[in-house]
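Subject: Handover of a structure

Hello,

I am passing this structure on to you. The sequence and the coordinates come first, and my notes on them follow.

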Amino acid sequence: MRRAAPRRQSPSEASPEGSEGERPARDISADRFVERSEIAVPRFGECEGGGAVVLDARIEAERRRGRGAIANPSGRYESESRVAFDDGWGSLDELPPFSTEVTIEKPKTILTRNSSPDVPFDRSINPYRGCEHGCSYCFARPTHAYMGLSPGLDFESRLFVKPDAARLLERELGVAGYACRPVAIGTNTDPYQPIERRFRLMREILEVLERCGHPVTIVTKSVLVLRDADILGRMGERGLAKVALSVTSLDRRLSRSMEPRASAPEKRLAAIRGLAAAGVPVGVMVAPVVPALNDAELERILEAAAEAGAREAGYILLRLPLEVSEIFKQWLLEHHPDRYRHVLSLLRSMREGKDYDAVWGRRMRGLGPYAATLRKRFEAATRRLGLEAGRTVATLRTDLFVPPLGDGRQLSLF
């Protein structure tokens, strides 16, 4: 018997946890998606013995080569779940590998407002939706459920791009009464993911911010940020920009499996070195810290970043909201089955027995002895290395902001 599916919320009703308040645009022009040999089956059901039917949405290794997620489960708002099914006609052999498909999105605004007390910014820009880096632990994966797509492989292969981002930003910065505060980029998905080489949205956005004297902070895992070192260097000298490189591990094999399409660890350290040489205040984010997997590298990562020129540092404990919990556990079971129980046991010890705790002030640090030990190790290492803990270096200036003119707005006479 099919159970009633949960009602799908509209973008105006809710926003997924961890998306910093971003809501999908209403006006979307989509490319045609690749058709796949799949069947629609009820998402929820019961077998004759009364037990729940669990649908296996795992994808064959050959089809997902170079991707992070193991499966492609339907989003939590869908009434049906699609799974590959061998009907005996060899149709599974004809299914193509997951290729990156890009959809043009046309939002009406580009600045996203945020009221979380856990982060030091109240506005952000997300030029892309979805991320090709394929990080198995990415807390932004649930946002794809709001697009009717899977937080699994769809999140890293079906991407949305906002080509009008720079124009929209300039228009919003010119609105009468706009109060200048630092804008954060890279809080949801990486702005320098591979498709940025083609669309160059970050270059255009930074040009607008530089012209207006508007402060910006950037978090990325990509060496591509060095392409814009000239703009960031000029803004950095004026106190208008700072960049943080996220470094999860110095072990190239571990990094490749956790973040298959992100820059290698040595490339990220090279990005820190290059940005520092260009005069950009730069830091390192050890994120996420996964107990019994990469937590032993905490001090080594901080040391390598400090040597490369980082001036500040931060860390975030692994977060597993909503669908991310099962996606990460599937990845962990496939790549590190011997550590599966240990990792989850330590993580739950910091989350009061749960995979995730969404309470403000606790979701990024955790509770208990293990979390306290991580915090003390981080504080001791940053003191020894002369790194500022948190995001306190290079306080960005807001007094240089000059609203843009254009779009038919009337000029001032004085």
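L322 is partly exposed, because its relative accessibility is 47%, a value that falls between the 20% and 50% cut-offs. L322 sits in the loop that links β13 (312–317) to α9. The backbone at L322 has a phi near 50 degrees, which is positive although the residue is not glycine. Please keep in mind throughout that this is a predicted model.

R200 also has a positive phi without being a glycine, here about 55 degrees. R200 is found in the loop between α3 (196–199) and α4. With a relative accessible area of 38%, R200 counts as partly exposed. As background, most residues other than glycine have a negative phi, and most peptide bonds are trans. A peptide bond to look at in that light is the one from A287 to P288, which is cis, with omega near -5 degrees. P288 belongs to strand β12 (residues 282–289).

For the chain as a whole, the secondary structure comes to 11 helices and 14 strands. The chain has 414 residues, and 54% of them are buried. Among contacts with a separation of 6 or more, 81% are between residues 24 or more positions apart.

Helices and their packing

α9, the helix that follows the loop holding L322, covers residues 324–335, 12 residues in total. From first C-alpha to last, α9 reaches 16 Å, close to the 16 Å expected at 1.5 Å a residue. Which residues of α9 are buried? They are V324, S325, I327, F328, K329, W331 and L332. The cover over these buried residues of α9 includes α6 (252–258) and α10 (340–349).

α4, the helix after the loop of R200, pairs with α2. The axes of α2 (residues 165–173) and α4 (residues 201–212) come within 8 Å and cross at roughly 25 degrees. Angles under 35 degrees count as roughly parallel, so α2 is roughly parallel to α4. Their crossing is right-handed. On the α2 side, the contact is made by A165, A166, L169, E170 and L173. On the α4 side, E204, I205, V208, L209, R211 and C212 take part.

A second pair is α8 (residues 298–308) and α11 (residues 368–385), whose axes come within 10 Å and cross at roughly 25 degrees. These two helices are therefore roughly parallel to each other, and α8 passes α11 in a right-handed crossing. The residues in contact are L298, E299, L302, E303 and A306 from α8, with L374, R377, F378, A381, T382, R384 and L385 from α11.

α4 comes up again in the surroundings of α5 (residues 229–237). The buried residues of α5 are A229, I231, L232, G233, M235 and G236. What do the buried residues of α5 pack against? The partners are α4, β10 (216–220), β11 and α7 (265–277). Just after α5, G239 takes a positive phi of about 75 degrees.

Two buried residues

V243 is placed in strand β11 (residues 241–246). Is V243 buried or exposed? V243 counts as buried because its relative accessibility is 3%, where buried means under 20%. Leaving out residues up to four places away in sequence, V243 touches I218, V225, L232, L275, V280, P281, V282 and G283. One of these, L232, is among the buried residues of α5. Another, L275, is 32 residues from V243 in sequence, while their C-alpha atoms are 8.2 Å apart in space.

The other residue is N72, in the loop between β2 (39–42) and β3 (80–83). N72 is buried because its relative accessibility is 11%. What does the side chain of N72 make polar contact with? The side chain of S150 joins that of N72 in a polar contact of 3.2 Å. A polar atom of the N72 side chain also lies 2.9 Å from the backbone nitrogen of L153.

That is what I have for now.

Regards

Note on methods: Residues numbered from 1 in each chain as written. Predicted model: local features only at pLDDT ≥ 70, side-chain atom pairs only at ≥ 80, totals over all residues. Heavy atoms only, no water. Helix = DSSP H or I, 4+ residues; strand = E, 2+ residues; numbered from the N terminus. Expected span 1.5 Å × (residues − 1). Buried < 20%, exposed > 50% of the residue type's maximum accessible area, 1.4 Å probe, protein only. Contact = heavy atoms within 4.5 Å. Polar contact = N/O pair within 3.5 Å; in protein donor to acceptor, adjacent residues only side chain to side chain. Axes fitted to C-alpha atoms, helices over the stretch in contact; angles between N-to-C directions. Parallel < 35°, antiparallel > 145°, perpendicular 65-115°, else oblique. Left-handed = near helix turned anticlockwise from the far one by under 90°.
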